[in-house]
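Colleague: I am looking at this model with a first-year student, and we would like a close look at one helix and what lies around it. Could you take us through that one part slowly, with the reasons for each step?

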Amino acid sequence: MAVAMFCVNFAGFGPTFFLRPFFDVPPIPLYLYLHGVVGTAWFALVVVQAVLIANRHFARHRQLGWLGVGLGVVMIGLGVYTTTHMVPRNAAAHPPLSTADIEQYGVAAGADLAVSVAFSTLVALAIYFRRRPDIHMRLMLIATLEILAPAAARIGSWGGVYGPIINTVLFGLIGALVIHDLWTRRRIHLATVLGFAFLVGVNRAVRLSGVGPAIVAYGLAHL
C-alpha cells in the first residue's frame, strides 16, 4: 500500500511538479515547490518505514517516526497556507474566474480543510497508539490515504472524471487493507473500520458545512 500510494502521488503530480520540464505548464510560486517536496518526503518516509518494519529494524523505525512527526506538522502548515492562497494565485494567473472555476475552488478548499483535520487527527492517534503496532500501522496508512486525494483528483482531471478516480483509488486501497485484515486475522480490524469511517465522516461533514465555498468567497472579497 505504501508503494502504491507513492506511485499514485507521483503520477498525479507528475505533469505539474515532478516532470515539469516535459510539460507546458505555467510557473508556480516557491511555496508550492516546498509543498511538493515536503509532501513527497512524507510518502517516501511511509515506504521507508514499512521496509524497516518488514526487516525488523524497529529502533530505526522509531527514530525516523519522530522525524515524521515534524514532517507532518510542516505539511499541515503548508497545506493551510496553500489553500488560503489558492484563490488569489489563480485569480491573478487566470483572470477573470468563471462560475465553474469558483465552484471548483470551493470544492478544493473544502477538501483541503478536510485533509488537514483528518490527517492531523489520524496521525496524532497513530502516535498515541505507537505501542500497538496493529493500530498504529492502520491509522498511519489511512492518514496517508487521506492526503492522496489531490493526486487522485489530478489523475481524474485528465479525463474529466474527478469523482470516479478519487473513489476508485480511495476504496481500492481501503479494500486492499480489508482483504489483508480478513486474510491475516479472519476479521476486519476495528482500527480499519473506525479510521475509514472517520475519514469519510470528516470529508462529508466539511462538504455539507459549506465551508469550502465560504473560504473562496472570503478570498474573492479580499483580492
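Modeller: What follows stays with one helix, its partners and the loop after it, and then widens to the rest of the chain.

The model is predicted, so a word on confidence comes first, because where pLDDT is low the predicted coordinates should not be read in detail. The protein averages a pLDDT of 89, and 98% of the residues score at least 70. Confidence is lowest in helix α4 (residues 86-93), where the mean is 76, and it is highest in helix α2 (residues 30-54), at 95.

The helix I have chosen is α8, which covers residues 162-185, and a good place to begin is a pair of charged side chains. The side chains of aspartate 181 and arginine 138 meet in a salt bridge, with 2.6 Å from N to O. This pair links distant parts of the chain, since aspartate 181 belongs to helix α8 while arginine 138 belongs to helix α6 (residues 133-146), and the two are 43 residues apart. Are these two charged residues buried or exposed? Aspartate 181 counts as buried because its relative accessibility is 0%, and buried means under 20% relative accessible area. Arginine 138 counts as buried too, because its relative accessibility is 3%.

It helps to set this pair beside the rest of its kind, for a search of the whole structure finds two salt bridges. The other one joins the side chains of arginine 132 and aspartate 134, with 3.2 Å from N to O. Arginine 132 is partly exposed because its relative accessible area is 43%, a value that falls between the limits of 20% for buried and 50% for exposed.

Back in helix α8, some residues do face outward. Threonine 168 has its place in this helix, and threonine 168 counts as exposed because its relative accessibility is 56%. Its C-alpha atom is separated by 17 Å from that of leucine 141, and these two residues are 27 apart along the chain. Tryptophan 183 also lies in helix α8, and tryptophan 183 counts as exposed because its relative accessibility is 70%. If you would like a sense of distance here, tryptophan 183 and isoleucine 165 are 18 residues apart in sequence, and their C-alpha atoms are 26 Å apart in space. Helix α8 therefore holds a residue that counts as buried, aspartate 181 at 0%, as well as one that counts as exposed, tryptophan 183 at 70%.

After the helix, the chain passes through the loop between α8 and α9, where arginine 186 is found. What is unusual about the backbone of arginine 186? Arginine 186 has a positive phi of about 65°, although it is not a glycine. This deserves a second look because most residues other than glycine have a negative phi. Arginine 186 is exposed because its relative accessible area is 67%.

A second arginine gives you a case to set beside this one, for arginine 56 also has a positive phi of about 65° and is not a glycine either. Arginine 56 lies in the loop between α2 and α3 (58-84), and arginine 56 counts as exposed because its relative accessibility is 62%.

The last stop is a stretch of surface, and the residues to look for are Leu182, Ile188, Leu190, Val193 and Leu194, which form a nonpolar patch with about 440 Å² of accessible area together. Which helix gives the most to this patch? Helix α9 (residues 190-209) does, with three residues. Leucine 194 is one of the residues of the patch, and its place is in helix α9. Leucine 194 counts as exposed because its relative accessibility is 52%, a value just over the 50% limit.

To gather the picture together, you can begin at the salt bridge between aspartate 181 and arginine 138, continue to tryptophan 183 in helix α8, pass arginine 186 in the loop between α8 and α9, and finish at leucine 194 in helix α9.

Definitions and conventions
Residues numbered from 1 in each chain as written. Predicted model: local features only at pLDDT ≥ 70, side-chain atom pairs only at ≥ 80, totals over all residues. Heavy atoms only, no water. Patch = residues over 30% accessible without salt bridge, like charges linked within 9 Å, V, L, I, M, F, W, Y side chains within 5 Å. Areas by Shrake-Rupley, 256 points an atom, 1.4 Å probe, with all protein chains shown as cover. Salt bridge = Lys/Arg side-chain N within 4 Å of Asp/Glu carboxyl O. Helix = DSSP H or I, 4+ residues; strand = E, 2+ residues; numbered from the N terminus. Buried < 20%, exposed > 50% of the residue type's maximum accessible area, 1.4 Å probe, protein only. pLDDT = per-residue confidence, 0-100.
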